[in-house]
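Trainee: Got a minute to walk through this one with me? I'd like to get a feel for it before I head back to the bench.

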Amino acid sequence: MGIGRFFLTSKKFLSADGGFKRIVWMTKNLKESFAEEFKKQAAAEGVPDLLDKIADETIAEDSEKLMAFLTEKGHPALTMDPMF
């Protein structure tokens, strides 16, 4: 999905499907570049450690590693209904 990067912290981002709590992977550069804005929104949504639960290219390069990381961290997307 192509979007503007700051839209990720908008209350409208995937609002019908769980919002930014659905984000499970992003580049390390992106995570670092707007970490403060993301952390503020995550705290407001009740998941202040969400950024630490999101994988990047240094953590997961394929779906198996991604799922292992998400499970280990207890990512909230794993408890949500599937989107499709």
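Mentor: Sure, let's begin with K31. Not counting residues up to four places away in sequence, K31 touches M26, L51, I54, A55 and D56. Keep in mind that this is a predicted model.

Trainee: Where does K31 lie?

Mentor: K31 sits in helix α1, which covers residues 28-33.

Trainee: And is K31 buried or exposed?

Mentor: Buried: its relative accessible area is 13%, and the cut-off for buried is under 20%.

Trainee: OK, so what joins the side chains of K31 and D56?

Mentor: A polar contact of 3.5 Å. The C-alpha atoms of K31 and D56 are 8.1 Å apart, while in sequence the two residues are 25 apart.

Trainee: Where is D56 found, then?

Mentor: D56 is in the loop between α2 (35-44) and α3. D56 is buried too, with a relative accessible area of 5%.

Trainee: What else is D56 in contact with?

Mentor: If you leave aside neighbours within four places in sequence, D56 contacts W25, M26, T27, K28 and K31. There's also a polar contact of 2.4 Å between the side chains of D56 and T58.

Trainee: Switching topic: how many aromatic pairs does the structure hold?

Mentor: One. The partners are F34 and F38, and they meet edge-to-face, with 5.9 Å from centre to centre and 80° between the planes.

Trainee: Are F34 and F38 buried or exposed?

Mentor: F34 counts as buried at 1% relative accessibility, and F38 counts as buried at 1% as well.

Trainee: Now α3. Which residues are buried there?

Mentor: In α3, residues 63-73, the buried ones include L66, F69 and L70. Those three cover an arc of only 95° around the axis, so they end up on the same side of α3.

Trainee: Which exposed residues are on the face turned away from that buried side?

Mentor: That face carries E64, T71 and E72.

Trainee: What goes on at the start of α3?

Mentor: D62 has a side-chain oxygen that comes to within 3.2 Å of the backbone nitrogen of E64.

Trainee: And just after α3, what does G74 do?

Mentor: G74 takes a positive phi there, of about 70°.

Trainee: Can you recap the bit around D56 for my notes?

Mentor: Happy to. D56 is a buried residue in the loop between α2 and α3, and its side chain makes polar contacts with the side chains of T58 and K31.

Conventions: Residues are numbered from 1 along each chain as its sequence is written. Side-chain values use heavy atoms; hydrogens and water are left out. Buried means under 20% relative accessible area, exposed over 50%, partly exposed in between (1.4 Å probe, protein chains only). Helices (H or I, at least four residues) and strands (E, at least two) are DSSP runs, numbered from the N terminus. The arc is that of the directions from the helix axis to the C-beta atoms. A polar contact is a pair of N or O atoms within 3.5 Å; within protein, one must be able to donate a hydrogen and the other to accept it, and residues adjacent in sequence count only if both atoms are side-chain atoms. Contact means heavy atoms within 4.5 Å. Rings of Phe, Tyr and Trp (its six-membered ring) pair if their centres lie within 6.5 Å; planes under 30 degrees apart count as stacked, over 60 as edge-to-face and the rest as tilted.
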